[in-house]
Structures are given as C-alpha cells and as structure tokens.
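Reader: Could you walk me through the labels on this one? I'd like to hear how each call was made.

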Amino acid sequence: MSCILNIDTSTEICSVAVSVDGACIWHEEDTTGQHHAERLGSFVDEALSFIDSHAIPLDDVAVSSGPGSYTGLRIGVSMAKGICYGHDVPLIAVPTLQLLTVPVLLRHDLEDDALLCPMIDARRMEVYAAVYDRALREVRPTQADIVDGDTYRAFLDEHPVYFFGNGAAKCMSAIAHPNAHLIEGIVPKAKYMFPLAEKRIALEQYEDVAYFVPYYLKDFVAGKKKQEARG
C-alpha cells in the first residue's frame, strides 16, 4: 500500500488530496482565490489527521513544481518539504503542465494523433506551455511562449491540438487554426496528481528535499550546486 499526500498551489486554487494505491480517498480545495497561506496549513492538518485516524502510514509527499504562481509554488513547496522532513518520507515533484493534462485525458475523447498543449498564464500574450502526445510523451518541453499565429503552427499543420489551462483562452484568437481546439474549465488540482506521482515512484524519481525548488528557481539552484562542486 502506497499512501501519498498530494499538494497543489500552482495557481489560484489551493488543494490537498490523499491517495492510496491508485485512488483518491480524501481531498479538499479552496477555489476562491489566492488564500494559500491561510488555507494550506489547515488542509494539510486535516489530511494528516485523516491518514492517522485510518492507521495508514504516509509513504510519500507529492507537490506541483510549476510553472505557476511564484508565491503559490513557494508556499506549497515549503509545506511539502517540511512534511518530508518531519515524517522522514520522500518528495515527489509533479510538473504543473502535466498535472493539467490528467482531467483532459480522463474526461475527453481525443483523436489518436491528438496533441495536448497545457498553458499557464504569464502576461499579455505570454504563457508557459508544453506539448505532449496522448501517452504524455513530451513532444516539446516546457518554455515561455509569446503566442502568435506561428507559435504552434508546425504542430497544428500535422495534428489536432487541444489547448487548455488558465492561459489558453486568451491565445485562441491569435492561434486561429482549424486544428486548434480550446477545452475550458481545466485547472490543476491535487486530486489528479496521484497517477503522475505513482509513475514517478515506480521509476524512483524522487527529489533531493534539501535542494528542491519550484520551476522558476531550478536554474539558480543548478548553478549553485555546480559552484559548490567546484569548491
């Protein structure tokens, strides 16, 4: 039995879930805005109380790693690392853009050759986006895009592409391609994390709790570790 505490604070939604062996058995969320600092602690306390009351040992903590809200990610990652230290359990990082694909794959019928393009809003016509196939193989890695008619044309000319996430709607008029499809209402939530977290457990893809940081700081920490290695 593998019990995972899942935490997502990457957007305006704050959510926590408990999963055991491929099923979400408890979850709580706040969709009213940026109240992560107020709500996350109480959600985590409730989740840990639920785990203890059912005599389930906590095995892992999974947290959304971004891209997303700078403040939200910092709060979520700090909480996840604290739980890992306190309970002596491993940390799993789930990219937010992959997390967004889970409800799409579960709820929507897609063509066999369809591509998925989750988007996190940045500013103006900028988004953080990646492109995946239906097996969640990375067709194009995560990067910051300034969206215009040519940004995804190479994919759109060959495949139906589904755009979703809180940065997608503003981009559709600029993309304007017959193969471009918008799926509305897709948001990252902790209750969707466990399939991705369990895959990482199977592959033993754990994070170094001491050094792990959200997406927006990964280059900084990589440089710092190289400096430390040089002495």
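Author: Sure. Let's start with a cut-off: a residue is called exposed when its relative accessible area is over 50%, buried when it is under 20%, and partly exposed in between. Keep in mind that this is a predicted model.

Reader: Then why is D88 called exposed?

Author: D88 comes out at 71% relative accessibility, and the label needs over 50%, so D88 counts as exposed. You'll find D88 in the loop between α2 and β5 (91-94).

Reader: What makes the phi of D88 worth pointing out?

Author: Most residues other than glycine have a negative phi. D88 is not a glycine, yet its phi is positive, at about 55°. L136 is another such case, with a positive phi of about 65° although it is not a glycine.

Reader: Where does L136 sit, and is L136 buried or exposed?

Author: L136 lies in the loop between β7 (126-133) and β8 (138-146). Its relative accessibility is 17%, which is under 20%, so L136 counts as buried.

Reader: What about the peptide bond from G66 to P67?

Author: That one is cis, with omega near 5°. Most peptide bonds are trans. P67 belongs to the loop between β4 (60-64) and α2.

Reader: On to α1. How does its reach from first C-alpha to last compare with the expected one?

Author: Helix α1 covers residues 36-53, which is 18 residues. Its first and last C-alpha atoms are 25 Å apart, close to the 26 Å expected at 1.5 Å a residue.

Reader: Which residues of α1 are buried, and what puts them on the same side?

Author: The buried ones are H36, L40, F43, V44, A47, L48, F50 and I51. They cover an arc of only 155° around the axis, which puts them on the same side of α1. On the other side of the helix, E38, D52 and S53 are exposed.

Reader: What do the buried residues of α1 pack against?

Author: Three strands and a helix: β1 (3-8), β2 (14-20), β3 (23-30) and α2 (70-87). Just after α1 there is also A55, which takes a positive phi of about 55°.

Reader: How many salt bridges are there, and what makes the D30 and R39 pair one of them?

Author: The count comes to 7 salt bridges. Side chains of opposite charge can pair when their charged atoms come close. For D30 and R39 the N to O distance is 3.6 Å, and the limit is within 4 Å, so the pair qualifies as a salt bridge. D30 counts as buried at 5% relative accessibility, while R39 counts as partly exposed at 31%.

Reader: And why is the D121 and K170 pair called a salt bridge?

Author: The closest N and O atoms are 2.3 Å apart, which is within 4 Å, so D121 and K170 form a salt bridge. D121 lies in strand β6 (residues 115-121) and K170 in the loop between β9 (161-164) and α5 (172-175), so the pair ties together parts that are 49 residues apart in sequence. D121 counts as partly exposed at 36%, and K170 likewise counts as partly exposed at 27%.

Reader: How do you know that D150 and R153 make a salt bridge?

Author: By the N to O distance again: 3.1 Å is within 4 Å, so D150 and R153 meet the criterion. D150 is exposed, with a relative accessible area of 55%, whereas R153 counts as partly exposed at 32%.

Reader: Why is H27 called partly exposed?

Author: H27 has a relative accessible area of 38%, which falls between 20% and 50%, so the label is partly exposed. H27 is found in strand β3.

Reader: What is H27 in contact with, beyond its neighbours within four places in sequence?

Author: V16, A17 and K191. For a distance along with that, the C-alpha atoms of H27 and I7 are separated by 9.9 Å, and the two residues are 20 apart along the chain.

Reader: Last topic, empty space. How many cavities of 30 Å³ or more are there, and which residues line the largest?

Author: Rolling a probe the size of a water molecule over the atoms shows where empty space is left. The count here is 1 cavity of 30 Å³ or more, and the volume of the largest is about 30 Å³. Its lining is made up of T11, E12, L100, I120, G165, N166, I186, V187 and P188.

Methods
Residues numbered from 1 in each chain as written. Predicted model: local features only at pLDDT ≥ 70, side-chain atom pairs only at ≥ 80, totals over all residues. Heavy atoms only, no water. Helix = DSSP H or I, 4+ residues; strand = E, 2+ residues; numbered from the N terminus. Expected span 1.5 Å × (residues − 1). Buried < 20%, exposed > 50% of the residue type's maximum accessible area, 1.4 Å probe, protein only. Arc of directions from axis to C-beta. Contact = heavy atoms within 4.5 Å. Salt bridge = Lys/Arg side-chain N within 4 Å of Asp/Glu carboxyl O. 1 Å grid on protein atoms, 1.4 Å probe; cavity = no way out; pocket = protein on both sides within 12 Å on 5 of 7 lines; lining within 4 Å. Points joined across faces, edges and corners; volume = space filled by probe spheres on them.
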